[in-house]
There are 2 protein chains.
Amino acid sequence: MKIHTLISPVSVEDLYFAGKTTVVVDVLRATTTIVTAIANGAKEVIPVNTIGFAMKVSGNAFGGKTLLGGERNAKKIEGFPLGNSPLEYSEEIVKDKSIVLFTTNGTKAIVRAKYSENLFVCSFNNIESIARELVELNNDVEIVCAGSHGMFSLEDSVCAGCLIDRIEQYTDNISYSDASKCSAMLYDKYKENLLEMLKESEHGKLLMSNGFEKDLDVASRVDIHHIVPVYNSGVIKSKDKIKTNG
Amino acid sequence: MKIHTLISPVSVEDLYFAGKTTVVVDVLRATTTIVTAIANGAKEVIPVNTIGFAMKVSGNAFGGKTLLGGERNAKKIEGFPLGNSPLEYSEEIVKDKSIVLFTTNGTKAIVRAKYSENLFVCSFNNIESIARELVELNNDVEIVCAGSHGMFSLEDSVCAGCLIDRIEQYTDNISYSDASKCSAMLYDKYKENLLEMLKESEHGKLLMSNGFEKDLDVASRVDIHHIVPVYNSGVIKSKDKIKTNG
């Protein structure tokens, strides 16, 4: 299994992902929030790459049961009832709802990878489930770090490294790209204190200065949810729900 | 001094660099080759970002004393007398010549950063000279890793980390971006054996499979040249020569 890691999706075109098995990581905060929403019973999350498209989709589609969420540069968007804090996506708020989500980096990364044959959403919160899914599939893997405006994000690379570490516990038939090696090394350095790592990161500091310190705590928790969110035909659903509810 | 590191220049526009102090790193092999050529008495190196422009420039410009060099995906280009191996750029070949150089990632990165107020060319071969220059200037610094087709390259990040390590020996007034932190950690991991690191890297393996193993040895040598190659108005010259010869 070859594991390749992209520090940011901006260096490749959409078609780069055609036929691939891809995992998108945006620890602060899009993939953490998506995993939380799905775990709390949201019917689906619809990731979008423009605010205009978010407005359009949230209008009459999906039986009117949509909720609009997102952020731009860590700040709430006017007219959007929900931001991008996982704490906002409680069961009372999201159960059975379709969430239309726009974020600066994370949802764009998912949309960029839309032609993947398999496309999964990963955070520290559900990392073991994603690792097992990948091992079962036994395909080459592209881990896409959402990054920040096309640049390297410490927390996404550390999470990619954590995922690689988990996969290594099931198989040693792995080859690594340079970026995968780098991610594995970063995880090794920070694994004893992921929350501190988030607080040290550039995006973590930005979130703290905007009053979102608690989000870092949520994002740092490993394996609190056992779900595999899968993107398919424009929506993200839990893999189990796809199997059982069609 | 804020030190920012770009894992690849493709995530930013040319104007991003306006007014900045920038260092371009492409260990395998463009910046190693440029440093070698300048150290061996080349009058200047003219980095270009297309093969067509290389052909054009090498025609009648620069008093006919030009030599055309470069590679595409580690292979020589038809009609170019020189490739991109530093071993080709000996004193007998390059003395007093203007070298027009096209490479897959490195010269494109330099051209991308052309609007920088100060733009330096760095490899392991001349790292101490570059570090001292930056400390003297005392500006914020952008270290641009050329990377590989927009993706992360281990050897360029390790070299960026080495440069940061050298700067730290002169000042502790530094703040780090996430990517700078990552590069510093990578250097710390690999500093005892840079040649092994090059052999482990994706691009190192590609070069070895094309018969360029000796280039890795040259590229891994620290501080064998004490020069500061500076880009200005389309050409790279040694800083001392700019001062003394105008």
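Here a biologist quizzes a modeller about a predicted model with chains A and B.

Biologist: How do you know that chains A and B are related as by a two-fold rotation axis?

Modeller: Try laying chain B on chain A: a rotation of 180° with 0.0 Å of shift along its axis does it, and the RMSD is 0.0 Å. The two copies are therefore related as by a two-fold rotation axis.

Biologist: And which residue of chain B comes closest to that axis?

Modeller: That's B:Ser11, whose C-alpha sits 3.5 Å from the rotation axis. The same surface serves both copies, too, as 100% of the contact residues of chain B recur in chain A.

Biologist: How many residues are in contact between the chains, and what makes a pair count?

Modeller: For a pair to count, the two C-beta atoms have to lie within 7 Å. On that basis, 21 residues of chain B are in contact with 21 residues of chain A. On the chain B side, the elements giving two or more residues are α6 and α7 (178–190). Of these, α7(B) gives the most, with 7 residues.

Biologist: What kinds of residue make up that side of chain B?

Modeller: They split into 10 nonpolar, 7 polar and 4 charged.

Biologist: Why is B:Glu202 called buried?

Modeller: Count its neighbours. A residue is buried if 20 or more other C-beta atoms lie within 10 Å of its own. B:Glu202 has 20 C-beta neighbours inside 10 Å, so it counts as buried.

Biologist: Where is B:Glu202, and what does it touch?

Modeller: Look in helix α9 of chain B, residues 202–209. Leaving out residues up to four places away in sequence, B:Glu202 touches B:Ser148 in its own chain, plus A:Ser177 and A:Asp178 across in chain A. B:Phe152 is 50 residues from B:Glu202 in sequence, while their C-alpha atoms are 10.0 Å apart in space.

Biologist: What makes A:Asp96 exposed?

Modeller: Same kind of count, with 12 or fewer as the cut-off for exposed. A:Asp96 has 9 other C-beta atoms within 10 Å, so A:Asp96 is exposed. You'll find A:Asp96 in the loop between α3 (91–94) and β6 (98–102) of chain A.

Biologist: And why does B:His149 count as exposed?

Modeller: B:His149 has 12 C-beta neighbours inside 10 Å. Since exposed means 12 or fewer, that count qualifies. B:His149 is in the loop between β8 (141–145) and α6 (154–168) of chain B.

Biologist: What makes the phi angles of A:Asp96 and B:His149 worth a look?

Modeller: Most residues other than glycine have a negative phi. A:Asp96 isn't a glycine, yet its phi is positive, about 65°. B:His149 isn't one either, and its phi is near 50°.

Biologist: Why is the bond from A:Leu28 to A:Arg29 called cis?

Modeller: Look at omega, which is near 0° for that peptide bond. The bond from B:Leu28 to B:Arg29 is cis as well, again with omega near 0°. Most peptide bonds are trans. A:Arg29 is in the loop between β2 (21–25) and α1 (30–39) of chain A, and B:Arg29 is in the loop between β2 and α1 of chain B.

Biologist: Last one: which residues have the most contacts inside the largest nonpolar core?

Modeller: A:Val25, A:Leu163, B:Val25 and B:Leu163, in a core of 148 residues. Among the residues A:Leu163 touches are A:Val23, A:Cys122 and A:Ile143. In soluble globular proteins, nonpolar side chains tend to be buried together.

How values were computed
Residues are numbered from 1 along each chain as its sequence is written. Chains are lettered from A and ligands numbered from 1 in the order in which they are written. This is a predicted model: local features need pLDDT of at least 70, side-chain atom pairs count only at pLDDT 80 or more; totals for chains, interfaces and linings use all residues. A nonpolar core is a set of buried Ala, Val, Leu, Ile, Met, Phe, Trp, Tyr and Cys residues joined through C-beta atoms within 7 Å. Copies are superposed by least squares on the C-alpha atoms of residues with pLDDT of at least 70 in both. Helices (H or I, at least four residues) and strands (E, at least two) are DSSP runs, numbered from the N terminus. Ala, Val, Leu, Ile, Met, Phe, Trp, Tyr, Cys and Pro count as nonpolar, Asp, Glu, Lys and Arg as charged, and the others, Gly among them, as polar.
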